[in-house]
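Here's a quick tour for anyone meeting this structure for the first time. Have a look at the sequence and the model, then read on for the spaces inside it and the place where its chains meet.

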Amino acid sequence: MRLLAVEDDPVLADGLCVGLGACGWTVEPVARVEDALAALESSTFDAVVLDLGLPDGDGLEILRFVRQRDMDVGVVILSARDDSRDRITGLDTGADDYVGKPFDLDELAARLRAVRRRLLGRSQPALSHEGVTLDPKSRLAWRGQGDLHLSRREFAILEALMERPSHVLSRSQLEERLYGWQEDIGSNAVEVHIHHLRAKLGADFIRTVRGLGYTLQ
Amino acid sequence: MMSIRMRLFVILALVTALVWGGAVVWVEIQTRHEVQRVLDRRLMESARLVSSMMRPGSLSPVANEEGGRPLTAYERQLACQIWSMQGELIARSRSAPTEMLADGEDGFSERVIDGQRWRVYTVHMPESGYRVMVGDNLAIREHLVGSVVTGLLAPAVLGLLALGVLIWWSVGAGLRPIQQMTRALASRRADDLTSIDVAPDGKDLLPFASALNGLIARVSEARRRETEFTAAAAHELRTPLAGLRVQAQIAAATDDPTVRKHALEQIQTSVDRTARLVTGLLTLAREDEAAVDDAAKRWIDLRSLFQATGADDRLHLPREEFQLHVQPDRFETVVANLMANARGVARTRICVTVVGEGPDAVLVIEDDGLGVSAADLERLGRRFFRTAGAPVGGSGLGLSIVLSTMKAHGGTVRFAPSALGGLRVELHGLPIRRG
């Protein structure tokens, strides 16, 4: 899952990157409304963690931008303004959830997973497809009784594909989910991970759609 | 404590009683005088009448008879005696005593006979050899005066009682606007800071009400500011707390020593920043409440004030020596905050100058940083306001503290774009002299 963390406090932004990164997610931190809008316009995110009091404006502007463009992205507001009026305004502007500061990192992660589930129209916490089951919380995958022992990036690719088994995901979409802006990506990194996954799951579990990308069906 | 109603009632009742009492005394004196005059005249006329009807030797002495029908009150009033020159009682009316009513001189006289006081008019008639004496029993006169006065006094007392009731009621009715206002104030909730309405018939209460409304407005404003400040402070503290909690959680959960070390460093950074924020909040709270005491002001050297903030190649101070009349410890905070801001943004120059002379002298601090947008210039100095380009880590309180401290010194602060390209901060109203 790829996250945009809009937070101007450097320590908290760092905590979100490291803490949510440990959940297997790729977190891109931005500190200003302007940067957040640019990031949302230029690439795809699965969820946004949004602070409201930003140096160059109100975080709700970002929320309105996302909802006006009908972007397929979950938004969790993370704000020190947390009386019920603020929560109501935030949720009615289109936020999927509202968390007051300070907060528990594990709770934020759980809420993000729940928001993602709802967005995909699923109520089961675990993902499963043709006998393969993924648990997004524990980051474990298994087939029947056997543990599949997936690496972090293999898990992320499989999770992305299993969230919408009928969708075709391009190589660059998968790269975005795997790597942050700062990271170097090898030219055939995604192919390497797919290769490993096929070795573990069987050659025809992931299908290649020539010129488009990968899908499970 | 006496209520205004009781006080007004007592004053009005006393004044009314005094006026009525005065009237009664005046009427009594007047009546007495008039009754005396009329009755004296009657005595005189009666005496003359009797004497004019007598001829010499026409009368013989009468036996001192008593009895007959009882005398009426009116008959008892006048008594007439006719005496010979030799002192023999010739005739007398039934109401008259046998003793001589007067000593025999012409005109009015008074005498006590058998414990009764008589007023007598005597007419001498030497040609006929009689003396006619007509007298009034003074007790009866007094009784007459008394009944006139009593006749006046009884309704006066009743009237006074009725007036008392009316005064009490009128005062109550007149004071109704005060009572309404009192009730409105007494039943007011502590958080109700709306202004007080005055009833249309309570015009006299308007100055009082408007003074009270002024006070309410000031309390309300102070409370609004306090609430805003507390809310903003709580808000500003929550974010670093959230950062601390997240980093602590990461440090506790990770097995990777590098990650843990990084998290702990982040915690240190955040604790330092939060400590600065708290210091700023406390300074601001202190600066807000205390005006500078003139006794605490000293003349301090401008150059050393700025140099105390640390050596900086970019800092350009005026060549001449200047001194400022300020409270040193508090003004040092102003300089430190302005210099911290300038240092954070200046590229090559931070210029300190003194413009103008005497009371119009202005201390100016300029930098050649990126400057502040026109919209942000207006918001500079608001609590927790940070410009978009401000270096991270600031509390957003520095300029608020500068504003508060300058206000406490009786001065003002103006922000403007600098010719150098950055921000120009002007400190007005400080006593500055060449040193």
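The largest cavity holds about 30 Å³ of space. Keep in mind that this is a predicted model, and that a search through the whole structure turns up just 1 cavity of 30 Å³ or more. Besides that cavity, there are pockets to look at, with about 1200 Å³ of space in the largest one, and there's an interface where 22 residues of chain B are in contact with 23 residues of chain A.

**The cavity**

- Which residues line the largest cavity? They are R32(B), V35(B), Q36(B), L138(B), R141(B), E142(B) and V145(B).
- Two helices of chain B, helix 1 (4-52) and helix 3 (138-174), each put at least two residues into this lining.
- Helix 3 of chain B gives the most, with 4 residues.
- Sorted by class, the cavity lining has 3 nonpolar, 1 polar and 3 charged residues.

**The largest pocket**

- About 1200 Å³ of space lies in this pocket, and 42 residues line it.
- Closest to its centre are G53(A), L54(A), H235(B), E236(B) and F384(B), so to speak the ones to click on when you want to find the spot.
- From chain A, strand 4 (53-54) and strand 5 (57-58) each supply at least two lining residues, and from chain B helix 5 and helix 9 (374-379) do likewise.
- Helix 5 of chain B provides the largest share of the lining, 8 residues.
- As for character, the lining splits into 16 nonpolar, 7 polar and 19 charged residues.

**The second largest pocket**

- Here you'll find about 980 Å³ of space.
- Its lining has 43 residues, and those nearest the centre are A340(B), N341(B), A390(B), P391(B) and L399(B).
- Several elements of chain B supply at least two lining residues each: helix 6, helix 8 (328-345), strand 10 (362-367), helix 10 (398-408) and strand 12 (423-428).
- Which helix of chain B gives the largest share of this lining? That's helix 8, with 9 residues.
- By class, this pocket is lined by 19 nonpolar, 19 polar and 5 charged residues.

**Where chain B meets chain A**

- The contact takes in 22 residues of chain B and 23 residues of chain A.
- About 1900 Å² of area is buried between the two chains, and carbon and sulfur atoms give 61% of that.
- How many salt bridges are found across the interface of chain B and chain A? There are 2.
- One salt bridge pairs R245(B) with D104(A), and their closest N and O atoms are 3.6 Å apart.
- The interface also has 10 residue pairs in polar contact, counting pairs with both residues at pLDDT 80 or more.
- On the side of chain B that touches chain A, helix 5 (206-253) and helix 6 (257-289) of chain B each contribute at least two residues.
- Helix 5 of chain B accounts for the largest share of that side, 12 residues.
- The residues on that side of chain B divide into 8 nonpolar, 10 polar and 4 charged.

**One helix to remember**

- Helix 5 of chain B turns up in two places: it gives the largest share of the side of chain B that touches chain A, and it also gives the largest share of the lining of the largest pocket.

Key:
Residues numbered from 1 in each chain as written. Chains lettered and ligands numbered in written order. Predicted model: local features only at pLDDT ≥ 70, side-chain atom pairs only at ≥ 80, totals over all residues. Heavy atoms only, no water. Contact = heavy atoms within 4.5 Å. Buried area = accessible area lost by both parts, 1.4 Å probe. Salt bridge = Lys/Arg side-chain N within 4 Å of Asp/Glu carboxyl O. Polar contact = N/O pair within 3.5 Å; in protein donor to acceptor, adjacent residues only side chain to side chain. Nonpolar A, V, L, I, M, F, W, Y, C, P; charged D, E, K, R; others polar. 1 Å grid on protein atoms, 1.4 Å probe; cavity = no way out; pocket = protein on both sides within 12 Å on 5 of 7 lines; lining within 4 Å. Points joined across faces, edges and corners; volume = space filled by probe spheres on them.
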